[in-house]
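Work through the exercises below with the structure open beside you. Each task is followed by a solution that goes step by step.

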Amino acid sequence: MTGQGRAQLEKMQTEGFDATNCPVRTVLGHVSSKWTSLILLELEAKPTRFNALARAIPDISKRMLTQSLRDLERDGLVIRQVFDTKPPSVTYSLSDLGKSFLAPLGHMIEWAMTQHDQIKSSRTSFDKHK
């Protein structure tokens, strides 16, 4: 944990830390899921319809995509826009809040790409000794 992160945790603990309202659990735990990251990256370029998202992320089930989009909308990261057509069409786009998450997400992606080989090696070594 960074010095700043440690200081924030210590401050929260002295102020009566409530684990059920912890930002790490209630926000970061959700936005760091693999589906959330992939969905946000897909929406970065332009508003996108559900089926286009499903094609862009082929290993996500329709049920999981639906739930993830609802969660992102609930959190205010994604905007769902319904058009009055027959049948109704729906697009998803990033809100300003969602756009603001792209920079930290980019840092996490960069770190993951840089460390991927080392992590794979560590996992292989761990699994051999288990």
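## Exercise 1: a pocket and its lining

Find the residues that line the second largest pocket, and then work out which elements they come from.

Solution. In this predicted model, the lining of the second largest pocket is made up of Ser32, Ser33, Lys34, Ser37, Leu38, Leu41, Leu105, Met108 and Ile109. Two elements, helix H3 (34-45) and helix H6 (96-128), each give two or more residues to this lining. Of the contributors, H3 gives the most, with 4 residues. Sorted by class, the lining has 5 nonpolar, 3 polar and 1 charged residues, and the space in this pocket comes to about 150 Å³.

## Exercise 2: following helix H6

Describe the span of H6, locate its bend, and state which of its residues are buried and what covers them.

Solution. Begin with the length: H6 has 33 residues and reaches 46 Å from its first C-alpha to its last, which is close to the 48 Å expected at 1.5 Å a residue. Next, follow the axis of the helix to Gln115, where H6 bends by about 55 degrees. Then turn to the buried residues of H6, which are Gly98, Phe101, Leu102 and Leu105; Leu105 also appears in the lining of the second largest pocket. The cover over these buried residues includes helix H2 (23-31), H3 and strand E3 (89-94).

## Exercise 3: two residues of strand E3

Are Ser89 and Thr91 buried or exposed, and which residues does each of them touch?

Solution. Take Ser89 to start with, a residue found in strand E3. Ser89 counts as buried because its relative accessible area is 13%, and the cut-off for buried is under 20%. Leaving aside neighbours within four places in sequence, Ser89 is in contact with Arg49, Gln81, Val82 and Phe83.

Now repeat the steps for Thr91, which is also in strand E3. Its relative accessible area is 14%, so Thr91 is buried as well. Not counting residues up to four places away in sequence, Thr91 touches Pro47, Thr48, Arg49, Ile79, Arg80, Gln81 and Phe83. Comparing the two lists shows that Arg49, Gln81 and Phe83 occur in both.

## Exercise 4: the loop before strand E3

Where does Pro87 lie, and is the peptide bond from Lys86 to Pro87 cis or trans?

Solution. Pro87 lies in the loop between strand E2 (78-83) and E3. The peptide bond that leads into Pro87 from Lys86 is cis, with omega near -10 degrees.

Key
Residues numbered from 1 in each chain as written. Predicted model: local features only at pLDDT ≥ 70, side-chain atom pairs only at ≥ 80, totals over all residues. Heavy atoms only, no water. 1 Å grid on protein atoms, 1.4 Å probe; cavity = no way out; pocket = protein on both sides within 12 Å on 5 of 7 lines; lining within 4 Å. Points joined across faces, edges and corners; volume = space filled by probe spheres on them. Nonpolar A, V, L, I, M, F, W, Y, C, P; charged D, E, K, R; others polar. Expected span 1.5 Å × (residues − 1). Bend = angle between axes of the 7 residues up to and from the residue. Buried < 20%, exposed > 50% of the residue type's maximum accessible area, 1.4 Å probe, protein only. Contact = heavy atoms within 4.5 Å.
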